[in-house]
Amino acid sequence: MKFIDEFRDPAAVRALVEKIRRDAGDPPMRLMEVCGTHTASIARSGLRSLLSGAVSLVSGPGCPVCVTPDGYVDAAIALGHKPGITLTSFGDMLRVPGKRSTLEKERAKGIDVRVVYSPLDAVALAAAEPDREIVFLGVGFETTAPAIGGAIRTASDRKLKNFSVLPSVRTIPEAMAILARDPEIRIEGFLCPGHVSVVIGTQPYEELASKHHIPCVVCGFEPLDILLAVSMLLRQKKEGAARVENAYPRGVAPEGNRKAREVIAEVFAPCDTGWRGIGVIPGSGLRISDRYAAFDAERKHGVPVIFAMEDTPCRCGDVLKGKILPPECPLFGKACVPEEPVGPCMVSTEGTCAAYYKYGGGLR
Amino acid sequence: MCLAIPAKVLSIEGDNAMIELGGTQREASLMLLEGVSVGDWVIVHAGFAIEKLSEEDAAQTFALLKEIMESGSDEVH
Ligand code: SF4
Ligand code: SF4
């Protein structure tokens, strides 16, 4: 298929891997991918082992579900138990553990949770079932934020009184800056998330490059995209440079998607927020703006999302920060498996632990 | 959950498009994207088209690849 197959061409992949191995220095450059889709794609195509010894690929906090705190799941469950409420959610939230339970387990006990593919489906449901209060679990990064915002705007335009969103939206560059400053992680380059960048463009990474002197390359999702970005990062290291480059120009314009950013600016306002396993990162969250307060489930239904650093044997925090590999977690593959995940990284196929479990990690 | 995939626009009605995504047809909102026409390729995420893909830009990636492949290495073979 156009835009996909060309970027999977095995002969080109082989040639590029060889080129990277020739150009790599010693010790291997430490690169972090901060997107779950990259994590899954790297695992699926075996790139980590193909590149082992040449570059070391470390996974960051790649997935909005993974970094959603258990307090959010608890608030969603509390909401679901109120009479007349229907929760709507992307599918992979259902098995994410809260403090005591999951949405899936509570659904078996009778709360109404429906999986939707788009937040607009939740708006359509609200229009179709005016007697029920429809709450969308608005979890996401910058890629999803405009879709959630677009749904809120649509509900507002249609004057729906029975639709609201429980927001859990996080923005990536602030988290990358925290990770960049962490001496234990020692990141030498970022594979910047392609679809987040579709929305925000390349400018938000400039500070990482200039202030933290970390090369940043915006990266697509096919094997050749990732290898291209890796080789551009190696080239920057060799030059002693730290710039922002774009290896995914077919998807990412330097200025991002203006319309999507306008929707975000209209519907949301920046706030401090907690990341599962990482802690509170100032300015890294989006709350619903006062203009759309009527669509904010937290305010409308009085179910505050309480953030506390979780006390659990799950080492997701260290996995999300690239400090350990999943097999180094004592629960990995034993108490924690995809069918019965203890931590969110094991929940969906893009979770770092799930990707390792399914494909094996190869060598670092 | 951040799965966004290239899809082809089959038809457009107002702010809505019918798209082909991995062999199946689906609706996608065009609320977040300007200037989309039938036949275009778009990246779709959570029911919204968020960017247009152009062959020109894809060609640019291959040009980058070529440049990288042809750049010198430290080692001699
Ligand atoms: S559960 Fe999966 S899709 Fe969700 S955030 Fe984690 S890795 Fe991403
Ligand atoms: S293996 Fe399970 S418990 Fe351990 S870090 Fe991964 S998700 Fe958490």
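The following dialogue concerns salt bridges and the chain A–chain B interface in a predicted model.

Student: How many salt bridges does a search of the whole structure find over all chains?

Tutor: Side chains of opposite charge can pair when their charged atoms come close. The search covers the whole structure, and over all chains the number of salt bridges is 30.

Student: Which parts of chain A does the salt bridge between Glu245(A) and Arg235(A) tie together?

Tutor: The side chains of Glu245(A) and Arg235(A) meet at 4.0 Å, N to O. Arg235(A) belongs to helix α12 (residues 223–239) and Glu245(A) to strand β9 (residues 244–246), so the pair links parts 10 residues apart in sequence. The parts tied together are therefore helix α12 and strand β9 of chain A.

Student: Is Glu245(A) buried or exposed?

Tutor: Buried means under 20% relative accessible area. Glu245(A) has a relative accessible area of 14%. Its partner Arg235(A), at 22%, is partly exposed. Because its value lies under the cut-off, Glu245(A) is buried.

Student: Which residue of the salt bridge between Arg299(A) and Asp296(A) is buried?

Tutor: These two side chains meet at 2.9 Å, N to O. Arg299(A) has 41% relative accessibility and counts as partly exposed. The relative accessible area of the other partner is 5%, so the buried residue is Asp296(A).

Student: How many residues apart in sequence are the parts that Asp40(B) and Lys52(B) tie together?

Tutor: The side chains of Asp40(B) and Lys52(B) form a salt bridge at 3.8 Å, N to O. Asp40(B) lies in the loop between β3 (24–29) and β4 (41–45) of chain B, whereas Lys52(B) lies in strand β5 (residues 48–53) of chain B, so the separation in sequence is 12 residues.

Student: What area do chain A and chain B bury between them?

Tutor: The contact takes 54 residues from chain A and 41 residues from chain B. Carbon and sulfur atoms account for 66% of the buried area, and the area itself is about 4200 Å².

Student: Which three residues supply more of the area that chain A buries against chain B than any other three?

Tutor: Together, the three supply 17% of the area that chain A buries against chain B. They are Phe3(A), Arg22(A) and Tyr117(A).

Student: Which element gives the most to the side of chain A that touches chain B?

Tutor: Across the interface there are 2 salt bridges. The side chains of Glu67(B) and Arg235(A) meet in a salt bridge at 2.8 Å, N to O. With 7 residues, the element that gives the most to this side of chain A is α12(A).

How values were computed. Residues numbered from 1 in each chain as written. Chains lettered and ligands numbered in written order. Predicted model: local features only at pLDDT ≥ 70, side-chain atom pairs only at ≥ 80, totals over all residues. Heavy atoms only, no water. Helix = DSSP H or I, 4+ residues; strand = E, 2+ residues; numbered from the N terminus. Buried < 20%, exposed > 50% of the residue type's maximum accessible area, 1.4 Å probe, protein only. Contact = heavy atoms within 4.5 Å. Buried area = accessible area lost by both parts, 1.4 Å probe.
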